[in-house]
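User: I want to go through this structure and ask what stands behind each label. Please keep the answers short.

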Amino acid sequence: MKKIGIMTTGGDCSGLNTAIQRIMHGASLRGWDVYGILDGTDGLCTNPPAVVKLSDMMLPIENARLAGSFLHNGHSNALNFETAAETGHLDTFNKKLRKSLKTLDLDALILIGGNGSLSLAWANRSIYRDLQLVCIPKTIDLDIPLTERTIGFDTAVQQLTSFCDQLMLTARSHHRWFVVQAMGRDCGQLALHAGIAVGATAILIPEIKFDVNNLIKQIKQSPVDYGVIIVSEGISLRGHSGRPADMISRKLTSAGIPNRTAFPEHTQRAGDTTATDRILATRFADCALTAIENGETYVMTVLENDLVHTVALSDVIENGESVADPKIPELFTSNAYVNSDSPLLALAYDMGIYIGELK
Ligand code: F6P
């Protein structure tokens, strides 16, 4: 019989609860004990560690579709790898984590995290040397290398699409445009996917340079006098500051284009988990449990060519673009972006959406 732990770290997204419930259920079928670590690494910093024993009774299957994490994702002011490194307490922090993991005496830990958490887990990997570490990628940003999908992305695309769909109706009534700011950090996947789903007039993402004059020209040439322009939160406009949607909105206003801004913000991380995300969470959960049975460690589950399997965490880190943490230069995050050969960019262009200076 095995004893495994589950931990959700970094920002939440929809689909975490499906993953937790499926792991717990699959593990109980195998006769294993499952412990949920509360609040990510926060829960390992308390003495004794903050954990709950999970069971089918505790996590009703009908609640598995709900956004957020049953296990929470941590307090914003908590001590974590980043804040500990920033304040020079990384060694003490790592010692606390190692001590808690020893106390818990787990055979394996399933870490459900984004690229920040996974990169930090790899950088501090010695903490996990006495157990099997199996990671599951989750994020609405879809910026984790080697996997075609992450838990939470599909639901976020749906949430942003529904938000824009509603705006489109009022936009038409008032003959104006909405500049909608999408999340995604410095990755444009969320904006790109939702923009295509909505039929946006323009999609601006950090990976593709854009020219405001060409954007304005395209809006003015539009066959209709309303629409949605999706602006990724990671874009910048030389000589301007403030929120990206506000910057673009000001430019449109001065060009005589009536518009408003709209910010879906954290609703992109909420919403009932879509069937696609639930299936992905279930596949990743099953793959993680099989990886534990096979004795794997320091691995991450991925979706590749519609198949789910594990890859070495070191490969995930090596295959991304290394971005230094702005506050702690010695810490790096491994990032993935929209590729210039993405078929979705070509599709958007062919459909007459202004996607930046592609050609
Ligand atoms: O990484 C997920 C994400 O939702 C980003 O898209 C966004 O920039 C950020 O987290 C928001 O973080 P917070 O919850 O700290 O506002």
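**Labels and their grounds**

Analyst: In this predicted model, the centres of domain 1 and domain 2 are 33 Å apart, taken over C-alpha atoms. Their contact takes 14 residues from domain 1 and 12 residues from domain 2.

User: Which residues belong to each domain?

Analyst: Domain 1 covers 3–152 + 273–319. Domain 2 covers 155–269 + 340–350. These bounds come from the domain assignment.

User: How many helices and strands does the chain have?

Analyst: It has 12 helices and 13 strands.

User: Why is the chain called as compact as a globular protein of that length?

Analyst: Set the value against the rule. The radius of gyration is 22 Å, and the globule rule gives 21 Å for 359 residues. The two are close, so the chain is as compact as a globular protein of that length. Along the principal axes, the C-alpha trace spans about 65 × 45 × 35 Å.

User: What share of the chain is buried?

Analyst: Buried residues make up 52% of the 359 residues. The accessible surface comes to about 16,000 Å², and 50% of it belongs to carbon and sulfur atoms.

User: What share of the contacts with a separation of 6 or more joins residues 24 or more positions apart?

Analyst: Such pairs account for 74% of those contacts.

User: What makes helix H7 mostly covered?

Analyst: The count does. H7 spans residues 189–198, and 8 of its 10 residues are buried. Buried means under 20% relative accessible area. The buried residues are Gln189, Leu190, Ala191, Leu192, His193, Ala194, Gly195 and Val198.

User: Which elements do the buried residues of H7 pack against?

Analyst: Two are helices, H6 (153–173) and H12 (343–350). The strands are E6 (177–182), E7 (202–204) and E8 (227–232). Just after H7, glycine 199 takes a positive phi of about 85°.

User: Why is lysine 3 called partly exposed?

Analyst: Lysine 3 has 25% relative accessibility. Buried needs under 20% and exposed needs over 50%. The value falls in between, so lysine 3 counts as partly exposed. Lysine 3 lies in strand E1, residues 3–8.

User: How far apart are lysine 3 and leucine 106 in sequence and in space?

Analyst: They are 103 residues apart in sequence, yet 5.3 Å apart in space, C-alpha to C-alpha. Leaving out residues up to four places away in sequence, lysine 3 touches Asp33, Tyr35, Leu104, Asp105, Leu106, Asp107 and Ala108.

User: How far apart are the mean positions of the positive and negative charges?

Analyst: The mean positions of the 31 positive and 39 negative charges are 5 Å apart.

Notes:
Residues are numbered from 1 along each chain as its sequence is written. This is a predicted model: local features need pLDDT of at least 70, side-chain atom pairs count only at pLDDT 80 or more; totals for chains, interfaces and linings use all residues. Side-chain values use heavy atoms; hydrogens and water are left out. Helices (H or I, at least four residues) and strands (E, at least two) are DSSP runs, numbered from the N terminus. The radius of gyration is taken over C-alpha atoms; the globule rule is 2.2 Å times the number of residues to the power 0.38. Buried means under 20% relative accessible area, exposed over 50%, partly exposed in between (1.4 Å probe, protein chains only). Contact means heavy atoms within 4.5 Å. Accessible areas come from the Shrake-Rupley method with a 1.4 Å probe; for residues, only the protein chains shown count as cover. Lys and Arg count as positive and Asp and Glu as negative; His and the chain ends are not counted. The place of a charge is taken as NZ of Lys, CZ of Arg, CG of Asp or CD of Glu. Domain bounds come from an automatic or database domain assignment.
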